[in-house]
Amino acid sequence: MIVETEAYDALDPASHSFIGPTVRNAPMFGPVGGAYVYRIYGLHWCFNIVCDEQAPGSAVLIRAIEPVHGADVMMERRGTTRLQDLCAGPGRLCQALSITGALNAIPVTKAPFTLRLAQGVAVVSGPRIGIRRGLSTPWRFGLEGSRFLSRPMT
DNA sequence: GTATTGATCTTCT
DNA sequence: GAAGATCAATACA
């Protein structure tokens with residue numbers, strides 16, 4: 001279950017789409033529902049879902065998930081058995097779910113992806129993580145009280 | 001517990 | 001050539 005996200009759009013200086021379409025960020029300007037997967041710091045992958053038909057260049061970074069199914073497989077991929085360390089962080093969840101650049105630009109509405117809407121969850125917001133001061137908009141969203149966030153929402 | 005640093009690739013200057 | 005939507009190991013308190 002997705003428990004933490006961050007929002008980016010083309011008007012946001014911290015967004016990859018801010019500079020306009022390039023080879024790397026092309027999926028952000030592609031069809032809504034597409035995956036945007038990019039490498040960061042040379043070794044981790046980050047997974048976004050393209051959104052907002054009315055505003056090209058918009059996407060949501062998935063920052064943390066709560067393991068509900070297949071924790072055993074995730075532990076094997078991540079090399080840890082600590083539940084809180086499995087998927088709490090954009091790079092970690094990609095390793096846990098085996099998301100790589102091979103899935104870049106693929107619609108998340110098709111295999112190997114499956115998305116379902118969560119029911120009755122309370123969402124809170126806060127400043128984004130890892131964005132330089134002044135650019136961190138309050139566009140981070142998390143499940144209230146979740147123990148599986150990459151960082152507390154405060 | 002917090003702080004620091006290395007890993008190592010892609011993109012843009 | 002520098003910086004980055006990060007993580008894990010290490011050093012120290």
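In this predicted model, helix α1 passes helix α3 in a right-handed crossing. Helix α1 spans residues 71–78 and α3 spans residues 90–97, and the two pack at an angle of about 110° with their axes 8 Å apart. That angle makes α1 roughly perpendicular to α3, because values from 65 to 115 degrees fall in that class. On the α1 side, the contact is made by Met-74, Arg-77 and Arg-78. Helix α3 contributes Arg-92, Gln-95, Ala-96 and Leu-97. By character, the residues of this contact divide into three nonpolar, one polar and three charged.

Turning to the surroundings of α3, the buried residues in this helix are Pro-90, Gly-91, Leu-93, Cys-94 and Ala-96. Ala-96 thus appears both among the buried residues of α3 and in the contact with α1. The cover over the buried residues of α3 includes helix α1 and helix α2 (83–86), together with strands β3 and β4. Just after the helix comes Ser-98, whose phi is positive, near 60°.

Strand β4, which helps to cover α3, is itself well worth a look. It runs through residues 59–65, and six of its seven residues are buried, so the strand is largely enclosed by the rest of the structure. Strand β4 pairs with strand β3 (residues 44–50) in the antiparallel sense, over three bridges. Within this pairing, Ile-49 has Val-60 of β4 as its bridge partner. Strand β4 is also joined to strand β1, again in antiparallel fashion, by six bridges. Two positions help to locate this pairing in the viewer: Ile-2 stands opposite Ile-65, and Glu-4 has Ala-64 as its bridge partner.

Strand β1 comprises residues 2–8 and is mostly covered, with five of its seven residues buried. Besides its pairing with β4, β1 is joined to strand β6 (residues 140–143) by three bridges, and these two strands also run antiparallel. Here the bridge partner of Glu-6 is Arg-140 in β6.

Glu-4, which lies in β1, offers a good place to follow these pairings residue by residue. With a relative accessibility of 0%, Glu-4 counts as buried, because the cut-off for that class is under 20%. Leaving aside neighbours within four places in sequence, the contacts of Glu-4 include Leu-61, Ile-62, Arg-63 and Ala-64, and Ala-64 is also the bridge partner of Glu-4 in β4. Arg-140, Phe-141 and Gly-142 are in contact with Glu-4 as well, and these residues fall within the stretch 140–143 that forms β6. Leu-149, Ser-150 and Arg-151 complete the set of contacts.

A loop residue provides a contrast in exposure. Gly-42 lies in the loop between β2 (35–40) and β3. This glycine is exposed, because its relative accessible area is 61% and the class begins over 50%. The C-alpha atoms of Gly-42 and Asn-104 are separated by 16 Å, with the two residues 62 residues apart along the chain.

Notes. Residues numbered from 1 in each chain as written. Chains lettered and ligands numbered in written order. Predicted model: local features only at pLDDT ≥ 70, side-chain atom pairs only at ≥ 80, totals over all residues. Heavy atoms only, no water. Buried < 20%, exposed > 50% of the residue type's maximum accessible area, 1.4 Å probe, protein only. Helix = DSSP H or I, 4+ residues; strand = E, 2+ residues; numbered from the N terminus. Pairing = 2+ DSSP bridges. Axes fitted to C-alpha atoms, helices over the stretch in contact; angles between N-to-C directions. Parallel < 35°, antiparallel > 145°, perpendicular 65-115°, else oblique. Left-handed = near helix turned anticlockwise from the far one by under 90°. Contact = heavy atoms within 4.5 Å. Nonpolar A, V, L, I, M, F, W, Y, C, P; charged D, E, K, R; others polar.
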